[in-house]
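Subject: Structure handover

Hello,

Here is the structure you will be taking over. My notes on it follow below.

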Amino acid sequence: MQDVSAIGGISGRVRNTVKAAAGRPIHHACLSAKRDSAAVPNTYYAEDSEAEILAFLATCHATDTVVITPNSVIRAFSPVIQEQLSRLPLLHMASGQLSFILQDTLALADQDYLDSYRVSRILCLSDMDMAFHRQLGIHDLTKIRLPVETRSHNGYDPEKNRFATYVGRIDFHTKGAERLVPIARLMQARGLERLRLFTTDGPNSPDLPAFLALLEEAGVRDWVEILYNVTDKTRLYGEASVVLLPSKKESFGNVILEAFSFGVPVIATSYAPGPAEVIRPGVDGFLLDAYSAEAVVELLEGLTADRLVALSQAAFARHRDYSMEQYLAALEAIAAETARTFPGQNTLSPFPKIKAIRTLNDKLASARRRIAMLKSQINELESSFSWRVTEPLRSLKAGLSRKPRQ
């Protein structure tokens, strides 16, 4: 992990997995690049205890240890730790859909990383994302279902569960949070219950100021209820009638499973791989091609108490398909098979080769070589001419020493 202490998402899943795996025959440990103020059991921190991680890895062998790394997290560790991890079988957890990785991560501009990073197997979270991998020539894929804490009782009641709810960070580019503003405005105009939002006010909500300004402009700033940094699941979902998930990109959507575990149906986009994989339209939620205010509010207005109860029962039953036990069993089976067949080195590239990136990197390298050659020629001139001639050359050389913009 890059930071095991982060709220929700991959970090929350890792914490829950390590905790749930306690006492199993196969030992589960977490390596976190950053230190957590509250220590997580069976976790090693590289930030101030690199020696401890290296000592632990020295006891690990390719025949009995498999490393699971989400996305490109391995880059968060020092080269010496990366080297020790890479001698073991690597399972690349494609926790972010590949189309998002291609569009939004700078990791793919690191040519050395792309050329050297190899794994033994790629784990995908949805059929849609697997199909996209295959279109880009990546075929050695394994599908896995992520886990959610299984609950024994569905307490959903339309009398209590009254609020259309959003749970997630305020991000326009991926989460589509700006779509909630016209939805809220139309909900208010139609006389529906207020919209309730649970989010964070930290750096992982980059568009929060802009979002608040949009609410103000729409005249619903005081009508929309916003609660910050809530982690208690009962508080998040205990009074939700439905969960709104307007994401433009969503590799899986932990929020969906959490909502389902409280019997809360979800309204999401049809083109995001995670929601399309989990939600059964009209059974335990809805998938919309156009996540417009009109489409969402029309759905909300048509949900009678009886319909909500039926959706809730199906959603609650669905969450049992994603138990932690099924996840641990699948993960351990995949890891055991990977270790058993490991040929001694990781050979599979989990990312496609992007010609545009390679071309740009080649041009930058060529430019750097030309600058170095010109500086060398200036040095020769400096040794051949008087001070009055060489002083302007020094200024030119200083300018060449500045890093080119990328």
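In this predicted model, helix 7 (residues 180–189) and helix 12 (residues 293–302) have axes that come within 9 Å and cross at roughly 45 degrees. Helix 7 is therefore oblique to helix 12. The crossing of these two helices is right-handed. On the side of helix 7, the contact is made by Pro182, Ile183, Leu186 and Met187; helix 12 brings Ala293, Glu294, Val296, Val297 and Leu300. Sorted by class, the contact of helix 7 with helix 12 has eight nonpolar residues, one charged residue and no polar ones.

A second helix pair is helix 2 (residues 50–58) with helix 3. Their axes come within 10 Å and cross at roughly 15 degrees. Angles under 35 degrees count as roughly parallel, so helix 2 and helix 3 are roughly parallel to each other. The crossing of helix 2 with helix 3 is left-handed. Glu50, Ile53, Leu54 and Leu57 of helix 2 meet Val80, Ile81, Gln84 and Leu85 of helix 3 in this contact. By class, six residues in the contact of helix 2 with helix 3 are nonpolar, one is polar and one is charged.

For the chain as a whole, the counts are as follows. The protein chain has 16 helices and twelve strands. It holds 406 residues, of which 47% count as buried. Among contacts in the protein chain with a separation of 6 or more, 70% come from residues 24 or more positions apart.

Next, two helices and their buried residues.

Which residues of helix 8 (residues 208–218) are buried? They are Leu208, Phe211, Leu215 and Ala218. These residues cover an arc of only 90 degrees around the axis, which puts them on the same side of helix 8. The face of helix 8 turned away from that buried side carries the exposed residues Pro209, Glu216 and Glu217. The buried residues of helix 8 are covered by elements including helix 7, strand 8 (196–199) and strand 9. Helix 7 thus appears here as well as in the contact with helix 12. Just after helix 8, Gly219 has a positive phi of about 80 degrees.

In helix 6 (residues 127–135), the buried residues include Asp129, Met130 and His133. Viewed down the axis, the buried residues of helix 6 fall within an arc of 105 degrees, so they line one face of the helix. Their cover includes helix 4 (98–104), strand 5 (121–124), strand 6 (141–143) and helix 11 (273–278). Gly137, just after helix 6, takes a positive phi of about 85 degrees.

Positive phi values also turn up outside glycine. Most residues other than glycine have a negative phi. Asn71 has a phi near 50 degrees, a positive value in a residue other than glycine. Asn71 sits in the loop between strand 3 and helix 3 (79–86). With a relative accessible area of 17%, Asn71 is buried, because the cut-off for buried is under 20%. Asn229 also has a positive phi, near 55 degrees, and is not a glycine. Asn229 lies in the loop between strand 9 (225–228) and helix 9 (233–237). Is Asn229 buried or partly exposed? Asn229 is partly exposed, with a relative accessible area of 37%.

Two strand residues complete the notes.

Thr69 belongs to strand 3 (residues 67–70). Thr69 is buried, with a relative accessible area of 4%. Leaving aside residues up to four places away in sequence, Thr69 touches Ile74, Leu91, His92, Met93 and Tyr117.

Ala268 is part of strand 11 (residues 266–269). Ala268 counts as buried, at 0% relative accessibility. What does Ala268 touch, not counting residues up to four places away in sequence? The residues are Leu245, Pro275, Ile279, Phe286, Leu287, Leu288 and Tyr291. Leu245 lies 23 residues from Ala268 along the chain, and the C-alpha atoms of the two are separated by 4.6 Å.

Regards

How values were computed
Residues are numbered from 1 along each chain as its sequence is written. This is a predicted model: local features need pLDDT of at least 70, side-chain atom pairs count only at pLDDT 80 or more; totals for chains, interfaces and linings use all residues. Side-chain values use heavy atoms; hydrogens and water are left out. Helices (H or I, at least four residues) and strands (E, at least two) are DSSP runs, numbered from the N terminus. Buried means under 20% relative accessible area, exposed over 50%, partly exposed in between (1.4 Å probe, protein chains only). Contact means heavy atoms within 4.5 Å. Axes are lines fitted to C-alpha atoms, for helices over the stretch in contact, and angles run from 0 to 180 degrees between N-to-C directions. Angles under 35 degrees count as roughly parallel, over 145 as roughly antiparallel, 65 to 115 as roughly perpendicular and the rest as oblique. A crossing is left-handed if the near helix is turned anticlockwise from the far one by less than a right angle, and right-handed if clockwise. Ala, Val, Leu, Ile, Met, Phe, Trp, Tyr, Cys and Pro count as nonpolar, Asp, Glu, Lys and Arg as charged, and the others, Gly among them, as polar. The arc is that of the directions from the helix axis to the C-beta atoms.
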